[in-house]
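I sat down with this one and a fresh notebook page. Here is what I looked up, in the order I went through it.

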Amino acid sequence: MTETQNLTLVQAVRDGLYTEMREDDDVLVLGQDVGKNGGVFRATEGLFDEFGGDRVVDTPLAESGIVGCAVGMAAMGLRPVPEIQFSGFMYPGFDQIVSHVARFRARTRGQFTVPLTLRAPYGGGIRAPEHHSESKEALYAHEAGLKVVIPSTPHDAKGLLAASIRDPDPVVFLEPKLIYRAFREQVPEEPYTVPIGEAVTRREGDDVAVFTYGAMTRPTLEAAETLAEEGIDCAVVDLRTVSPLDREAIVEAFEATGRAVVVHEAPKTGGLAGEITALIQEESLLYQEAPVGRVTGFDVPYPLYALEDYYLPTAARIEDGIREAVEF
Amino acid sequence: MSVFDRPYDDPVRVLDEDGAVVGEVPDVDDETLVDIYRQMRLARHFDARAVSLQRQGRMGTYPPLSGQEGAQVGSAAALGDDDWIVPSYREHAAGFVRGRSLKRTLLYWMGHPDGNRVEDGVNVFPVAVPIASQVPHATGASWAASLRGTDEVFCCYFGDGATSEGDFHEGVNFAGVFDTPTVFFCNNNQWAISVPRARQTRSATLAQKAEAYGIDGVQVDGMDPLAVYRVTEAAVEKARDPEADRPRPTLIEAIQYRFGAHTTADDPTVYRDDDEVERWREKDPIPRLEAYLRSEGVLDEERVAEVESAVESRVADAIAAAESTARPEPRELFEHAYAEVPSELERQHEDLAAVRESRGDAAFLEE
């Protein structure tokens, strides 16, 4: 029988790092405060004592240096897992991500590869200071050569992180910090993977398919329960990977109902919801009973936190968006 | 006394502009000296032919290296067999020394994807175009070697302009902190396209920037291949030995000049005087080494002529081979973005294939 632990999402991330580092000596973690401090969110707690300073490396405060050094390490066969302390501070490393991480394999026809997993806590809702709450997954999803993974449960967090670390391609692994400690789940102690690129249905339903991921999965499920009382039966699909999208799962879930809503906290314009809408109309136009709804963050810079509750999609906004799609 | 114990503004020299010995000649055999000479001649001729190909429309934009052969060849020749170079886009000569083929170097500038492929067993990173972005790669790669307990040294090339970039700072700073086996080799050719060295920094030298990272920094006459060899060899030896009583990383500032344009798309007459170019031509690394080797009896008229004709035929063969390389299949576009081609990319390939099928390649290609 499989032993399990009752873990939060951030503890599951930590456990995923631990089991992968134990399995593979080439895996190492580098970033700011990941060593003795165990990470500002405790995602690397205890790893320094377990694996030592060569594999759990506190670096200078320099994101491009962290990503760029990880490129060199990965090109030489290591499996670095660089952590950027908050996704809002990834931009100094953005040139490395776009110009090198994403391109090394393609430009050398597979001769040089950089299978690193770039972790960052991301998203809003925790009353954080400015620059600590953005959702920029679309920037990375737009970049060919990267995979972009966003877990929404402790079980998935561990399994997807393990899959990312083992993946031959570089992965941007965005951790929704709003739900880092929101709930616990039984997580196997042993190593396991959850496949990258596969969505999962969190709730079955016949009236409308709602697509979401990360921290928005919970308010979406909450909205679905409320709507169920009104007789609206929502399917909720957690994408889990936003690049590559699970196009087959999206099309299948949409065609079962003919109606769809996409929920994400990132801004509307240029967001994943637009891509999913385009996919649905390309593949399934004749099934379409209503316009695809988008319940998203607004096209404004992320606000200081006094207004973040108005910025982030809430269960109420999601309910209204779903109702609109159903009643069209 | 270590070659690193000197003022930052006192470049290491071995030969003067006439090829007379003014410093300590590195301890290498005659064959190595002739090889350095041959490689510089090869690079000079390759460069002239490459510029000419571009002018004739047979190749795309190309960055010439003429004037910089001494720095590239002298440094690359001083590395051990298993060491690596991490080049920018102008290090064709260093690449040749390490085993990169002329043909693939041409193919890269002809826009062919095979140009980025490195020959098996050749320890050269693919060129980096974004300025200084390769510096942290070299630090990370050498750090990996050090973590794994192998003893490769990584020599990273970049220009004077790169020293203004954040990635230079971050990469060298990490190297200092983690004491990685890295040689940071700055080809200070005085110009970042049209921006002169003085506009990059108020620092009197680039070598002194090493001070801020707690590593060794040294200037060398970059147009003196023997001085470059000597300094690089010392830096490599120190990098390879974790027990050395000095930091493993070194910043070498090789003072030199690019005789030609930044690239074939650039016109340097707009921003610099012919007089300046002529003054630097006096320091040309090739006649300097040739004069020294003739005076030592290592080279004579006959041997020089042999080198010249061998170089010409090698370059001619490489051009013929590159120009006869077929255009890659459009399928290539989709093959290597990911380890496995995602289903959406398969579909996009099918879309392209369908248009090719119905319209023919003539609908895509310029004649």
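**Entry: a proline in a loop.** I began with Pro244(A), which sits in the loop between strand 12 (241-243) and helix 9 (247-257) of chain A. The peptide bond joining Ser243(A) to Pro244(A) is cis, with omega about -5°. I should keep in mind that this is a predicted model.

**Entry: backbone angles.** Next I checked Arg109(A), found in the loop between helix 5 (104-107) and strand 5 (117-122) of chain A. Its phi is positive, near 50°, and Arg109(A) is not a glycine. I noted both loops because most residues other than glycine have a negative phi, and most peptide bonds are trans. In chain B, I found a positive phi, near 75°, at Gly57(B), which follows helix 1 of that chain.

**Entry: the domains of chain A.** The domain assignment splits chain A into domain 1 (4-188) and domain 2 (200-327). I get 26 Å between their C-alpha centres. How many residues of each domain are in contact with the other? I count 26 from domain 1 of chain A and 23 from domain 2 of chain A. On the domain 1 side, the elements giving two or more residues are helix 6 (137-141), strand 6 (147-149) and helix 7 (154-166) of chain A. Helix 6 of chain A has the largest share of that side, at 4 residues. By class, the domain 1 side holds 13 nonpolar, 6 polar and 7 charged residues.

**Entry: helix 1 of chain B.** I tested the length of this helix, residues 30-55. With 26 residues at 1.5 Å a residue, helix 1 of chain B should span 38 Å, and its end C-alpha atoms are 38 Å apart, so the two agree.

Then I looked at its packing. Helix 1 of chain B meets helix 11 (residues 301-323) of chain B at an angle of about 45°, and their axes are 9 Å apart. That angle makes the two helices oblique to each other. The crossing is right-handed. Helix 1 of chain B contributes residues including Tyr37(B), Leu42(B), Phe46(B) and Arg49(B) to the contact, while helix 11 of chain B brings Val311(B), Glu312(B) and Ile319(B), among others. Sorted by class, this contact has 8 nonpolar, 1 polar and 6 charged residues.

**Entry: where the chains meet.** Turning to the interface, I find 31 residues of chain B in contact with 33 residues of chain A. Which elements give two or more residues to the chain B side? They are helix 5 (135-148), helix 6 and helix 13 (343-359) of chain B. Helix 5 of chain B gives the most, with 10 residues. The chain B side divides into 17 nonpolar, 10 polar and 4 charged residues.

**Entry: one helix pair across the interface.** I followed helix 6 (residues 166-178) of chain B to helix 3 (residues 63-75) of chain A, where the axes come within 9 Å and cross at roughly 70°. The two are therefore roughly perpendicular, and their crossing is right-handed. From helix 3 of chain A the contact uses Ser64(A), Gly65(A), Gly68(A) and Cys69(A). Helix 6 of chain B answers with residues including Gly166(B), Asp167(B), Glu170(B) and Phe174(B). I make that contact 2 nonpolar, 6 polar and 2 charged residues.

How values were computed:
Residues numbered from 1 in each chain as written. Chains lettered and ligands numbered in written order. Predicted model: local features only at pLDDT ≥ 70, side-chain atom pairs only at ≥ 80, totals over all residues. Axes fitted to C-alpha atoms, helices over the stretch in contact; angles between N-to-C directions. Parallel < 35°, antiparallel > 145°, perpendicular 65-115°, else oblique. Left-handed = near helix turned anticlockwise from the far one by under 90°. Contact = placed C-beta atoms within 7 Å. Nonpolar A, V, L, I, M, F, W, Y, C, P; charged D, E, K, R; others polar. Expected span 1.5 Å × (residues − 1). Domains from an automatic or database assignment.
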